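Colleague: Could you take a close look at one thing in this model for me, the pairing of charged side chains? Please give the cut-offs as you go.

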Amino acid sequence: MEESVRRVWAALDREAARLSGITIADLFAVDPDRVTAMVVDAGDLRVDFSRQRLDAGALKVLLALAEATELADKRTAMFAGLPINATEQRAVLHTALRAPAGTRIEVDGVDVVADVHRTLDRMARLVEEVRASGIRTVVNIGIGGSNLGPAMAALALAPFATTGIDARFVSNVDPADLAACLADLDPRTTAIVVSSKTFTTQETMANARSAINWLSAGLGLDPEATAAARVYAVSSNVAAAGAFGVPAEHVLPMWDWVGGRFSLASAIGFSLMCSIGADNFREMLAGMHAIDRHFVEAPLEGNVPVLMGLVGILNRNGYGYGSRAVIPYLQQLGRFPAYLQQLEMESNGKRSDIEGNSVERHTSPVVWGEPGTNGQHAFFQLLHQGTDIIPVDFIGARRSTAVGLADDDIASQHQKLMSNLFAQAAALAFGAPTATDNPNALGEHRAFPGNRPSTTILFDALTPSTLGQLIALYEHATFVQGVVWGINSFDQWGVELGKVLANSVLAHIADTAAPTTLDPATLAAVSWLNA
Ligand code: F6P
């Protein structure tokens with residue numbers, strides 16, 4: 001780390017130490033206008049940082065950290081398609097996936113935005129073909145970024161599923177996942193979408209083969225004819241998809257410059273588009289693009305992804321909080337925490353900086369969460385009174401998009417939902433010294449310390465556009481943190497060892513007599529399995 005950057009980090013440590021003696025309640029007491037100053041809009045998102053342990057002094061140092069680590073230049077490099085994924089020598093251009101037609105971004109002399117729009121048009125045509133052929137369910141087979149984004153979004157946008165095609169998602173190599181998905185499906189109206197950037201991922205290829213066998217048995221066709229008729233593929237390894245038997249007209253490309261966890265806006269979103277239709281999908285892209293523009297254009301001090309990333313730095317590095325909870329008060333965002341786990345932890349769970357030196361500061365916190373209000377009746381005890389402080393991101397909407405119940409019931413339940421969100425954020429921030437009903441009863445047991453930080457993100461309703469905005473907001477906040485930590489947020493070498501070992505273990509399960517370098521504990525476990 002450069003000395004000049006180290007000095008700003010030291011200043012941040014001093015700010016955190018200073019603020020350690022000041023509570024969130026104190027911050028509100030000294031600055032009654034705090035909410036006005038600390039609620040910042042990006043597109044249709046209203047983001048409230050006022051319940052963070054942050055004041056103008058700390059913010060100034062955080063912004064200085066962004067400048068010292070050259071955030072603005074690195075952002076420009078990313079949007080321009082420079083190979084900022086240094087360990088893989090790749091551009092990082094998920095923002096090109098939602099750039100309007102006519103924008104020119106080149107990688108190796110190729111206009112990638114033109115490719116993106118050609119592919120979007122092909123996706124839209126294929127959705128129509130799938131529908132016209134009588135298919136009523138597409139089963140997306142993929143894992144990690146080839147599952148979490150589209151699965152999360154399909155659930156989030158269920159009220160916008162207008163095509164009559166149901167999208168289902170299978171990821172785990174556990175056969176129970178595929179079996180449960182297929183159990184009530186009719187092979188005559190089912191198609192498979194194999195989503196895999198590499199087209200080599202063990203889990204996906206195994207599930208794809210089993211699904212094709214299930215389809216061919218149901219249709220009375222051989223597996224080759226089944227693949228030709230009913231299998232679609234999304235991959236940057238188009239040759240492998242072809243070799244697998246998927247006809248060229250069913251193969252949608254993606255590109256090296258899209259990371260798996262940033263790929264929802266690419267053809268990896270095909271199954272999602274099958275369910276919500278091309279217009280809604282394009283609306284989601286427009287929402288993402290609106291936040292891309294905000295990220296590029298807003299000054300750093302009013303730039304929401306920048307502020308979100310920097311607040312995360314303060315919590316992780318200034319205060320040493322090792323975990324962050326994401327609690328959407330929207331049941332349809334039930335998979336959003338899992339989606340963010342990959343986005344943030346696979347991007348920023350790194351111990352080497354971009355030059356290959358050990359980092360000097362902690363990197364990604366553990367990210368986790370569940371929808372409210374369910375979480376309140378499970379783990380909120382620890383959030384309020386546990387010995388660890390866990391910052392929370394609360395997410396909520398002004399209006400419910402639920403359908404099928406009486407309007408009044410939806411409205412009144414939604415009010416209860418939102419009152420819980422606001423109450424939890426207040427209780428965490430301000431606490432309560434003793435039980436309000438009877439101060440003598442159980443004293444400390446019933447005291448809430450408060451001073452537990454949170455950010456609240458609000459919008460009008462969960463639509464394709466606001467979902468797109470929310471996703472882009474977190475993507476860019478993740479990028480900001482990677483820049484400040486000086487790491488490459490776009491590789492994932494840490495997943496490789498387990499994949500290699502799993503292949504060695506599999507080979508040993510099949511042939512225990514063959515020579516192996518597996519450790520004694522693993523060998524004993526394999527003997528137990530084979531017994
Ligand atoms: O193992 C991690 C990973 O490489 C993720 O980064 C990726 O999203 C996932 O596996 C799936 O990879 P693929 O799309 O190539 O099957």
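Modeller: A residue is called buried under 20% relative accessible area, exposed over 50% and partly exposed in between (1.4 Å probe, protein chains only). The model is predicted, so local features need pLDDT of at least 70 and side-chain atom pairs pLDDT 80 or more, while totals for chains, interfaces and linings use all residues. Residues are numbered from 1 along each chain as its sequence is written, and side-chain values use heavy atoms, with hydrogens and water left out.

The count of salt bridges comes to 26, each being a side-chain nitrogen of Lys or Arg within 4 Å of a carboxyl oxygen of Asp or Glu. Three of these pairs are worth going through in turn.

Start with D13, which forms a salt bridge with R361; their closest N and O atoms are 2.9 Å apart. D13 belongs to helix α1 (residues 3-20), and R361 to the loop between α14 (336-348) and β11 (366-368), so this salt bridge ties together parts that lie 348 residues apart in sequence. Helices (H or I, at least four residues) and strands (E, at least two) are DSSP runs numbered from the N terminus. D13 has a relative accessibility of 32%, so it counts as partly exposed. R361 is also partly exposed, because its relative accessible area is 22%.

The second pair is R188 and D186, whose side chains meet in a salt bridge with an N to O distance of 2.8 Å. Here R188 is exposed, its relative accessible area being 60%, whereas D186, at 27%, is partly exposed.

The third pair is R398 and D460, with the closest N and O atoms of this salt bridge 3.0 Å apart. It links distant parts of the chain, 62 residues apart: R398 sits in the loop between β12 (392-397) and α16 (407-430), and D460 in the loop between β13 (454-459) and α17 (464-485). R398 reaches 62% relative accessibility and therefore counts as exposed. D460, at 32%, counts as partly exposed.

Beyond these separate pairs, E3, R6 and E360 are joined into one network by salt bridges that share partners.

To put the pairs side by side: the arginine of the first is partly exposed, while R188 and R398 are exposed. Their acidic partners D13, D186 and D460 are partly exposed.
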